[in-house]
Amino acid sequence: MASSTIEIIPVHLPLANVYLVRGERWIVIDSGAPGDGPAILRAAARHGIAPRDIGLILLTHGHIDHGGGAEALRKASGAPIAIHAADLPMLRSGRNPTELRSTGREGQLLRPFLPWKMKPVEPDITFGEPFDLARFGLAACTVHTPGHSPGHIVLPLPDGSLMAGDLLRGGFLGGRLRGTLPNPPYFVADAAQQQASLERALRLPVHTFYVGHGGPLSAEHVRARLAAGALQIT
Ligand SMILES: [Zn+2]
Ligand SMILES: [Zn+2]
């Protein structure tokens, strides 16, 4: 495993996690739900990070609990918002597809309580190919992992951390219960793609998954759960 140290600051919001990753300036991975912008900026400030220290807002995908705070962060910091092109329609329309499939009972129960609409956001950067973060001072490239959504990406970092978005979730009740237990995401757009993406992510040289709900998850534990059939989406 690479020995380089990467600074990662998790911000636990009511619905989802956001991560601040140190590059040349700070890179914000995901942005929480609508209204979460100020809480992210307050968490950043507690670590001595001012809005102007934010250089990029990178969304792992276009769901509202990940893109909802992006506009507020951009307004405060001037940093660009980046997202994979395949999730651009979601962000632009401010709507999540309601045909998303629940992977289990918890997803079904959550459905009525999740935000499905927000103010549309026009990102500054869309990418189809791997997005190279070198110009933001981070030796990392996105990897396309569709399934949960068409444009879902993960970001493997040089220290073996994986910013994993909703590729998996940790535990139950948004991670409040057994948060480090690898579970499938609450919803998927395409189960077969999701399975292939999880296998692709496990081939990356990573040891820890930092996920959008609960976590972190150890890659070993993810492998074991996958082998046991516990991550199968039927
Ligand atoms: Zn999602
Ligand atoms: Zn999510």
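**Exercise 1. Work out how helices α1 and α3 pack against each other.**

Solution. Start with the axes: those of α1 and α3 come within 8 Å and cross at roughly 50 degrees. Here axes are lines fitted to C-alpha atoms, for helices over the stretch in contact, with angles running from 0 to 180 degrees between N-to-C directions. Helices are DSSP runs of H or I with at least four residues, and strands are E runs of at least two, numbered from the N terminus. Next, name the arrangement: α1 and α3 are therefore oblique to each other. (Under 35 degrees counts as roughly parallel, over 145 as roughly antiparallel, 65 to 115 as roughly perpendicular, and the rest as oblique.) Then look at who makes the contact: G37, P38, I40 and L41 from α1, with A72, L73 and A76 from α3. Being in contact means that the C-beta atoms of two residues, placed from the backbone, lie within 7 Å. Finally, sort these residues: six are nonpolar, one is polar and none is charged. (Ala, Val, Leu, Ile, Met, Phe, Trp, Tyr, Cys and Pro count as nonpolar; Asp, Glu, Lys and Arg as charged; the others, Gly among them, as polar.)

A quick word on the model: it is predicted, so local features need pLDDT of at least 70 and side-chain atom pairs count only at pLDDT 80 or more, while totals for chains, interfaces and linings use all residues. Residues are numbered from 1 along each chain as its sequence is written, and chains are lettered from A and ligands numbered from 1 in the order in which they are written.

**Exercise 2. Find the buried residues of α3 and say what covers them.**

Solution. Go along α3, residues 70-77: A70, L73, R74 and S77 are buried. (Buried means 20 or more other C-beta atoms within 10 Å of the residue's own, exposed means 12 or fewer, and partly exposed is in between; C-beta atoms are placed from the backbone.) Now look down the axis of α3: its buried residues fall within an arc of 100 degrees, so they line one face of the helix. That arc is the one of the directions from the helix axis to the C-beta atoms. The general rule is that an α-helix has 3.6 residues a turn, so residues three or four places apart point the same way. The cover over the buried residues of α3 includes β3, α1, β4, α2 and β5. Just after α3 comes G78, with a positive phi near 80 degrees.

**Exercise 3. Trace the five-stranded open sheet and describe the surroundings of β10.**

Solution. First, the order is β8-β9-β10-β14-β15, with mixed pairing. (Two strands pair if DSSP finds at least two bridges between them.) β8 and β15 stand at the edges with a single partner strand each, so one side of each is left without a neighbour in the sheet.

Second, go pair by pair. β8 and β9 run antiparallel and are joined by two bridges, with V143 opposite V154. β9 and β10 are antiparallel too, over two bridges, and L155 stands opposite M163. These two strands form a hairpin with four residues between them, and G160 in the turn has a positive phi of about 95 degrees. β10 and β14, by contrast, pair in the parallel sense over four bridges; L162 has F209 as its bridge partner, and S161 stands opposite T208.

Third, check burial in β10. S161, M163 and G165 on one side and L162 and A164 on the other are all buried. Five of the five residues of β10 are buried, so it is largely enclosed by the rest of the structure.
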